[in-house]
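Reader: I'd like a close look at one part of this model, the charged stretch and whatever it holds on to. Could you walk me through that, and then through the aromatic rings?

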Amino acid sequence: MDGGQDMRLEAAQYCCSTCDGGGEVSGHGHGHGHGHSLARRNRKTRSLSTSAATSSWEYRRTQSLHGPSPVTTFGPKACMLQNPHAVMHIQDPASQRLTWNKPPKSVLVIKKIRDASLLQPFKELCIFLTEVKNMIVYVEKKVLDDPAISADENFGAVSKKFCAFREDLDDISNQVDFIICLGGDGTLLYASSLFQDSVPPVMAFHLGSLGFLTPFKFDTYQSQVTQIIEGNAAIVLRSRLKVRVLKENWENKARVDEKGIILTNGDAESCRKAMQYQVLNEVVVDRGPSSYLSNVDLYLDGHLITTVQGDGVIVSTPTGSTAYAVAAGASMIHPNVPAIMITPICPHSLSFRPIVVPAGVELKIMLSHDARNTAWVSFDGRKRQEICHGDSITITTSCFPVPSICFRDPVNDWFESLAQCLHWNVRKKQNYLSSEDEEF
């Protein structure tokens, strides 16, 4: 049997416990191995009594600390070229390269809306893909409804060949072979939100403001796109967060005043409503319009590890570590590092530093019992919603990463972005000390 084909088949059939709709992790032990300092801080929830220590063996971890193995098939036709010398199923990130099971025939073009400077590049690219490469081009309907595009008679003959779709209404997950983004980092985040399972390979052109996640220049787009279609490119698998929001759907909803202060929690009879999201950058829980501190409990694998008192907390991927998290004082993590970062936002504590936890853990965020106000949550800056008492946000690493196509390779592209976009470690050079100066 062909080894590469066997590995592709195994990757396609893989389904980890975290992505199989399995329930939440519940811990029966009471803090075995957490240390006495944590126990003293909250004896009611993590008592190290004899009975608790005896029952700690009942807790069984249901998932690996290393996180789920990422799916290595991307959309209908793309997959990762397998390295026959790989020792593990997750091969060396430096050797991750794109290949195609069949030649790609369809492409999704995502354009930053309401940006006149992108009209000409968008038209040039679409004409090239349609007329020269004979590709089926998918474009969002609201992009084609732009008067600057719909009123262009010369472009009209080409745009009639496009397949238009609408977000949240049309499912294109099995129709698109790869994605091209024109704009800034937001276009890549938007592309990720359109695919809640396997994501096709993404080629991002830097036509926006920052461009940390968009390594390609548009000047030579024809040769670069041709290279991708031929399957000659390195890729970096940007891990995503699988987020599940469980909300208490009160018949008589909790009454909250204009400052966000909870006045009553409503009736006891309720039903639960669950929503699920795939997040590329970060999940942000904040205090919203309220002037009070947010007061949320943070659980890790069923154990309460701390209560966040401040403006909020950021749970981010390595990709998101260079976004909101770095502005809040977090470290920057390379996207190939399997990890989840937890960063407080303006914590009312001098010792609350950002922490990095293994990719395989399950985090849960809930309002503290004595919280004065509700909290608000957003996912990559979108789908913002209120979190009340009884609601919970469960976060773990998804097994559906975003395969981002590299300009050169994952390491060089990342350090290039640090230098060019964030001006990492830029300072004036110290003057050379001559031999005459040394005498003094």
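Author: One cut-off first: a residue is buried under 20% relative accessible area, exposed over 50%, and partly exposed in between. Keep in mind that this is a predicted model.

Let's start with Arg 166. Its relative accessibility is 42%, so Arg 166 counts as partly exposed. Its salt-bridge partner is Asp 170, with the closest N and O atoms 3.4 Å apart. Asp 170 comes out at 30%, so that residue is partly exposed too.

Now for Glu 167. This residue makes a salt bridge with Arg 382, and here the closest N and O atoms are 3.0 Å apart. Glu 167 lies in the loop between β6 (163-165) and β7 (178-183), while Arg 382 is in strand β22 (residues 382-387), so the bridge ties together parts that are 215 residues apart in sequence. Arg 382 has 29% relative accessibility, which puts Arg 382 in the partly exposed class.

Then there's Asp 168, which forms a salt bridge with Lys 383, the closest N and O atoms being 3.6 Å apart. Asp 168 is in the loop between β6 and β7 and Lys 383 is in strand β22, so this pair also ties together parts 215 residues apart in sequence. As for exposure, Asp 168 is at 63% and counts as exposed, whereas Lys 383, at 39%, is partly exposed. For the wider picture, a search of the whole structure turns up eleven salt bridges.

On to the rings. The whole structure has eleven aromatic pairs. One of them is Phe 216 with Phe 407, an edge-to-face pair at 5.7 Å centre to centre, with 85 degrees between the planes. Distant parts of the chain are linked here: Phe 216 is in the loop between β8 (202-206) and α9 (221-229), Phe 407 is in the loop between β24 (402-405) and α11 (410-421), and the two are 191 residues apart. Phe 216 is buried, at 4% relative accessible area, but Phe 407 is partly exposed at 44%.

Phe 218 and Tyr 221 make a stacked pair, 4.5 Å centre to centre with 10 degrees between the planes. Both of those residues are buried. Ring pairs join these four residues with Phe 128 and Phe 205 into a cluster.

One last contact mixes charge and ring: Lys 123 lies over the face of Phe 155, at 6.0 Å from the ring centre.

Note on methods: Residues numbered from 1 in each chain as written. Predicted model: local features only at pLDDT ≥ 70, side-chain atom pairs only at ≥ 80, totals over all residues. Heavy atoms only, no water. Phe/Tyr/Trp six-rings, centres within 6.5 Å; stacked < 30°, edge-to-face > 60°. Helix = DSSP H or I, 4+ residues; strand = E, 2+ residues; numbered from the N terminus. Buried < 20%, exposed > 50% of the residue type's maximum accessible area, 1.4 Å probe, protein only. Lys NZ or Arg CZ within 6 Å of the ring centre and 35° of its normal. Salt bridge = Lys/Arg side-chain N within 4 Å of Asp/Glu carboxyl O.
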